[in-house]
Amino acid sequence: MLKLQETHLLDILPPNLASDPIISNAAKAIDAELTAVTQLSRTVLILARIDELPEEVIDLLAKQFKVDFYDANTPLPRKRELVRTSIAWHRIKGTPAAVQQVVDTLIDGAMVQEYWEYGGKPYFFKVGDIKGPLVSSKTIDATIRAIYVAKNTRSHLDGITFVRRPKVAARLSTATYVHKRIQVTPRTIGGSSGRASIKASTTVRIFKEVKIDGRLAQ
């Protein structure tokens, strides 16, 4: 099977024309130009080649398709998805499905919940149960702006919530303490008998008193 990009004019001419030198030379003369035009014909494919187009072209397509919640700071893969779904999105604009589609494009794992699903007030809704990775504040701001464009006028956003359920493992450990107690006390002496002697001593003082002429002599 012939491929358009690899086909030359001579390859498709009928034998009676290809055998004519004038027609054959004319086909060869314009073959280069026809090949160049054929290579450029791929550029007219827009949505079919949206994953190949540069960011500058994606930004222009966003204006053409009126992507109201488009943000220039949005990552390129998100921009491609917004442009790709823009036409279908405008058909359901103002419905919960439109809000859900916008949220899915900007934040992974988000779910639009009506007020009766979480016990809120009538005409309110929220974007919750986001189990995907946390996003930057710029992405959250862009999401809020996009939601206000996609929702209907009477509905109001109650908030955006992220859910984190960390896994916690509880472990119980015990310690075994073994000790040996050795108590050292004075040795008990049993009954015994012995002999003891008591010695006492006394002092004997002897003096003599002499008086001369009635006076005590020293």
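Ala110 is buried, as its relative accessible area is just 5% (buried means under 20% relative accessible area, exposed over 50%, and partly exposed in between, with a 1.4 Å probe and protein chains only). The model is a predicted one, so local features need pLDDT of at least 70 and side-chain atom pairs count only at pLDDT 80 or more, while totals for chains, interfaces and linings use all residues. Residues are numbered from 1 along each chain as its sequence is written, and side-chain values use heavy atoms, with hydrogens and water left out.

Back to Ala110, then. This residue sits in the loop between H7 and strand S1 (111-114); helices (H or I, at least four residues) and strands (E, at least two) are DSSP runs, numbered from the N terminus. Setting aside residues up to four places away in sequence, Ala110 touches Gln100, Val103, Asp104, Val127, Gly128 and Ile130, where contact means heavy atoms within 4.5 Å. Ala110 and Ile160 are 50 residues apart in sequence, and their C-alpha atoms are 9.0 Å apart in space.

Next comes helix H7 itself. Its buried residues are Ala98, Val99, Gln100, Val102, Val103, Thr105 and Leu106. What do the buried residues of H7 pack against? Their partners are H5, helix H6 (86-91), S1, S2 and H9.

H7 also turns up in the largest nonpolar core, to which it gives 5 residues, the largest share. A nonpolar core is a set of buried Ala, Val, Leu, Ile, Met, Phe, Trp, Tyr and Cys residues joined through side-chain atoms within 4.5 Å. This one has 16 residues, and Val99, Val103, Val127 and Ile147 touch the most other members. At least two residues each come from H7, strand S2 (124-130) and helix H9 (137-150). Take Val99: leaving out neighbours within four places in sequence, Val99 is in contact with Val112, Phe125, Ile147, Ala150 and Lys151. Apart from this core lies another, of 9 residues, with Ile50, Leu61, Val67 and Val83 among them.

Now for how helices meet. Two packed helices are described by the angle between their axes and the distance between the axes. Axes here are lines fitted to C-alpha atoms, for helices over the stretch in contact, and angles run from 0 to 180 degrees between N-to-C directions. Helix H5 (residues 76-84) and helix H7 (residues 96-106) pack at about 155°, and their axes are 9 Å apart. H5 and H7 are therefore roughly antiparallel to each other; angles under 35 degrees count as roughly parallel, over 145 as roughly antiparallel, 65 to 115 as roughly perpendicular and the rest as oblique. Their crossing is right-handed. A crossing gets that name if the near helix is turned clockwise from the far one by less than a right angle, and is left-handed if anticlockwise. On the H5 side the contact is made by Arg78, Glu81 and Leu82, and on the H7 side by Asp104, Thr105 and Leu106. Sorted by class, this contact has 2 nonpolar, 1 polar and 3 charged residues (Ala, Val, Leu, Ile, Met, Phe, Trp, Tyr, Cys and Pro count as nonpolar, Asp, Glu, Lys and Arg as charged, and the others, Gly among them, as polar).

H5 has another partner, helix H4 (residues 55-64): the angle is about 35° and the axes are 10 Å apart. Here the crossing is left-handed. Glu55, Ile58, Asp59, Leu61 and Ala62 in H4 meet Leu76, Lys79, Arg80 and Val83 in H5. That contact holds 5 nonpolar residues, no polar ones and 4 charged.

Over in helix H3 (residues 21-40) is Ser24, which counts as buried at 11% relative accessibility. Not counting residues up to four places away in sequence, Ser24 touches Leu10, Leu17 and Ala18. Ala27 lies in H3 too, and is buried with a relative accessible area of 2%. With the same kind of neighbours set aside (up to four places away), Ala27 touches Leu9, Leu10 and Leu13. Between Ala27 and Leu10, 17 residues apart along the chain, the C-alpha separation is 6.3 Å.

Two loop residues round things off. Lys66 is not a glycine, yet has a positive phi of about 55°. Lys66 lies in the loop between H4 and H5 and, at 56% relative accessibility, counts as exposed. Tyr123, in the loop between helix H8 (115-118) and S2, has a positive phi near 70°. At 48% relative accessibility, Tyr123 counts as partly exposed.
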